[in-house]
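Work through the exercises below with the sequence and the model at hand. Each task is followed by a solution in steps.

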Amino acid sequence: MSSYPHRIRPSGLTLLALLIAVVMVIPLLSVATNVFNAGTTGTWAHLMDTVMADYITTTVVLCLGVGTGTALVGVGAAWLVTHCEFPGRRVFEWALVLPLAMPAYVMAYAYTDVLQFSGPVQSWLRASLNWTRADYWFPDVRTLGGAIFMFIGVLYPYVYMLTRTAFLERGGAVTEAARSLGLSPWQSFVRVSLPIARPAIAAGMALALMETLADYGAVSYFAVQTFTTGIYRAWFSLGDRVAAAQLAMCLLGFVLVVLSIEQSSRGRARFHGTGLRKPSRGHRLRGGPAGLAVVACLIPLLIGFVLPGGVMLHMALTDGDAQFGTRFLTLARNSFVVSAMTAVLAVTLALIVAYAHRLHPTLWTRAAHGAVGMGYALPGSVIAVGVLIPVTQLDNALVSALKAHLGWQGGLILTGGIAALVYACLVRFLTAALQNVDAALHRVTSHMDDAARSLGLSSGKTLLRVHLPLLRRGLLTAGLLVFIDVMKELPATLVMRPFNFDTLATQVYTLASDERLSEASTAALAIVAVGLVPLIILCRQIAAERHA
């Protein structure tokens with residue numbers, strides 16, 4: 001990293017980055033502070049005596065099931081599309097990413113409609129075989145096992161994408177060498193490919209597990225007792241914010257355990273590219289093995305995207321939302337405004353933090369960079385609790401001051417509007433923007449900074465005239481990802497939304513909770529359709545990598 005011969009207001013840029021980091025960390029500090037308020041009510045003792053054991057057991061089993069399932073599906077699919085040749089491989093290579101556009105709660109609603117007693121599957125069985133309800137047994141999808149199945153179906157692409165990249169970048173030449181030494185494809189996979197891809201697999205599993213821990217819609221609909229559902233029950237049903245904060249810290253503890261396991265699984269292993277990024281020639285499959293490979297790639301795609309998407313599309317076309325029209329446009333507008341505001345702010349703040357770290361890689365900017373990056377590891381429910389407590393206090397103080405000095409007669413300013421909701425979404429998803437901005441900045445050589453400085457440009461003018469034109473694509477990608485994440489976000493939106501302010505996500509949840517799945521399908525399809533936009537861009541990049 002180049003260092004400038006003289007710095008123009010480095011302390012100002014560093015202080016600005018630190019201020020952003022402090023604002024982003026406030027929710028976590030708020031939750032941690034409330035943990036020490038135990039004893040103010042008897043809610044915590046009641047939770048410990050009744051449901052805490054269930055919360056812990058269910059969360060552990062859920063994590064074990066989802067982690068194992070996403071690893072098996074993601075690694076297996078990545079190895080097939082990178083090391084084997086079979087019909088449809090090029091299509092599966094990018095299509096296997098599509099389930100990321102399907103929120104877990106939407107998938108849960110779709111499969112419940114299909115597999116319930118009055119659904120098409122069981123109705124067809126009874127009509128075809130002349131059965132009654134007492135003549136057969138059918139598994140109940142609204143169970144812990146069903147929730148694990150749903151999460152695997154929509155979250156395996158995290159493992160698939162990272163593992164596939166690892167196989168492409170580091171596995172080709174080494175695998176060819178292993179094959180030349182007489183190892184079979186299976187032996188080379190177990191003894192060469194898996195060890196090389198271990199960091200990528202661990203990182204993908206960590207992302208999948210954090211999304212699992214953060215989910216509320218699917219586990220709530222399936223009546224699965226997790227810490228996330230407990231937080232909402234403590235806050236809304238019991239009216240105890242202290243107990244909600246304490247449960248939030250317990251959930252955060254699970255997140256930290258997941259991150260610690262991910263870091264320790266890497267150990268001190270370091271894998272560097274050999275300069276041969278092109279993967280080895282795929283092992284050509286024919287006959288039965290080729291058919292099995294097609295089925296192995298087709299099943300997760302059908303389960304995670306095609307079937308739930310088809311169910312929602314059918315319900316939307318046959319029944320749909322009776323309020324489709326003005327009400328739907330209002331929901332879409334609310335979702336768009338919150339998502340767009342969050343995306344623009346996230347990209348701006350991420351650019352400030354990343355640029356400060358690039359210019360002045362000191363302990364302070366590294367600390368700010370790390371603190372801003374903590375948000376994605378925090379479930380939306382934790383962030384919502386952490387934001388609502390201090391923002392409500394600040395809101396009340398502002399209203400009191402305005403009434404005393406200006407005769408203000410209005411309502412709450414921050415929590416009465418969307419400001420608090422946007423803030424919560426920023427804390428949750430700023431990391432996604434920061435990672436993309438960092439990656440884009442790293443692609444700009446430091447020699448361009450030196451050239452700009454030699455021409456007399458200041459740091460700010462260098463950013464505007466040199467970096468921004470080069471960062472345009474990376475900034476657009478970062479904004480798109482944040483936009484889609486906010487569109488799908490349910491836990492934080494449910495807690496932080498102002499009165500009479502609904503989004504597409506909350507509409508889907510409300511209608512589905514009332515068992516009005518057909519009406520929920522319209523808004524659910526809108527969320528999935530918007531989520532496909534960045535995925536199409538990502539799929540094009542995936543398709544281009546093979547031929548790069």
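**Exercise 1.** Classify Leu16 as buried, partly exposed or exposed, and place it in its element and its surroundings.

Solution. Leu16 has a relative accessible area of 36%. Buried means under 20%, exposed over 50%, and partly exposed in between (1.4 Å probe, protein chains only), so Leu16 is partly exposed. Its element is helix α1, residues 10-35; helices are DSSP runs of H or I with at least four residues, strands runs of E with at least two, numbered from the N terminus. Leu16, Leu19, Val22, Val23 and Ile26 make a nonpolar surface patch of about 380 Å². Such a patch takes residues with over 30% relative accessible area and no salt bridge (Lys or Arg side-chain nitrogen within 4 Å of an Asp or Glu carboxyl oxygen), with nonpolar side chains (Val, Leu, Ile, Met, Phe, Trp, Tyr) joined within 5 Å. Areas are Shrake-Rupley values with a 1.4 Å probe.

The model is predicted: local features need pLDDT of at least 70 and side-chain atom pairs 80 or more, while totals for chains, interfaces and linings use all residues. Residues are numbered from 1 along each chain as its sequence is written, and side-chain values use heavy atoms, without hydrogens and water.

**Exercise 2.** Which helix gives the most to the largest nonpolar core?

Solution. The core, a set of buried Ala, Val, Leu, Ile, Met, Phe, Trp, Tyr and Cys residues joined through side-chain atoms within 4.5 Å, has 162 residues. Helix α16 (residues 419-442) gives the most, with 16 residues. Phe86 is among the residues with the most contacts inside the core. Beyond four places in sequence, the contacts of Phe86 (heavy atoms within 4.5 Å) include Leu285 and Cys297.

Terms used. Patches are made of residues with over 30% relative accessible area and no salt bridge: like charges are joined within 9 Å, nonpolar side chains (Val, Leu, Ile, Met, Phe, Trp, Tyr) within 5 Å.
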